[in-house]
Amino acid sequence: MSEIISHRLILDTSHSALTNMAIDEVLMRDQKECAWPLTLRIYFWDSPALSVGYFQNIQTIAQMFQCVQKKTNIVRRITGGGTVLHGKDITFSFCAHVKDFPFLENIKDSYFKV
């Protein structure tokens, strides 16, 4: 008899900006395809990076942060939101179905509740 896992917690190490965003994308797609109720991933960055929301213009952000850009990677998140400067912070991604977690409909409120 196989065991059904209802959630998963991933305590990850530090990765590059590109790797972190790739992992988050895989987790989101996996969550949709496998119908995981939720996945919480906690992770770190191995060097400074700007993560840019899905609907933001990367070129505009790069120009705004010229002094940071020379030493900082810029990467696009698969979700919306604004630009976030990462470095020595602890970051989390939370993948879940809105139908199971209605508080996720409002992104700003979801940060406070998570």
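**A helix between two small sheets: α1 and its surroundings**

F94 lies in strand β6. In this predicted model, F94 is partly exposed, with a relative accessible area of 24%, which places it above the 20% limit under which a residue counts as buried. Although F94 and L9 are 85 residues apart along the chain, their C-alpha atoms are separated by 9.6 Å. That pair is a handy starting point for a look at the chain as a whole.

The chain has four helices and six strands, and along the sequence these follow the pattern β-α-β-β-α-α-β-β-β-α. Of its 114 residues, 28% count as buried. Among contacts between residues at least 6 apart in sequence, 70% join residues at least 24 apart.

Strand β6, the home of F94, belongs to an open sheet of three strands in the order β1-β2-β6, with mixed pairing. Because β1 and β6 stand at the edges and have a single partner strand each, one side of each is left without a neighbour in the sheet. Neighbouring strands here are turned by 15 degrees against each other on average, direction ignored. Strands β1 and β2 run parallel and are joined by seven bridges; L11, for instance, has I42 in β2 as its bridge partner. Helix α1 packs on this sheet, touching β1, β2 and β6, and its direction makes about 180 degrees with that of β2.

A second open sheet also has three strands, in the order β4-β3-β5, and its pairing is mixed. Its edge strands are β4 and β5, each of which pairs on one side only. On average, neighbouring strands of this sheet are turned by 25 degrees against each other, direction ignored. Between β3 and β4 the pairing is parallel, over four bridges, and L50 stands opposite I74 in β4. Here too α1 packs on the sheet: the helix touches β3 and β4, and its direction makes about 15 degrees with that of β4.

Helix α1 therefore deserves a closer look, since its buried residues fall within an arc of 120 degrees when seen down the axis and so line one face of the helix. The helix covers residues 17-34, 18 residues in all, and reaches 26 Å from its first C-alpha to its last, close to the 26 Å expected at 1.5 Å a residue. Its buried residues are A17, N20, M21, D24, L27 and Q31. What covers them includes strands from each sheet: β1, β2 and β6 as well as β3 and β4. On the other side of α1, L18, V26 and E33 are exposed. After the helix comes A35, whose phi is positive, near 60 degrees.

Two of the buried helix residues, A17 and M21, reappear in the largest nonpolar core, together with Y43, W45, A49 and V75. This core has six residues in all, and the elements that give two or more of them are α1 and β2. In soluble globular proteins, nonpolar side chains tend to be buried together. Within the core, W45 shows a varied set of partners: leaving aside neighbours within four places in sequence, W45 is in contact with A17, N20 and M21, and also with S14, H15, H86, G87, D89 and T91.

Note on methods
Residues numbered from 1 in each chain as written. Predicted model: local features only at pLDDT ≥ 70, side-chain atom pairs only at ≥ 80, totals over all residues. Heavy atoms only, no water. Expected span 1.5 Å × (residues − 1). Buried < 20%, exposed > 50% of the residue type's maximum accessible area, 1.4 Å probe, protein only. Arc of directions from axis to C-beta. Contact = heavy atoms within 4.5 Å. Core = buried A, V, L, I, M, F, W, Y, C linked by side-chain atoms within 4.5 Å. Pairing = 2+ DSSP bridges. Axes fitted to C-alpha atoms, helices over the stretch in contact; angles between N-to-C directions.
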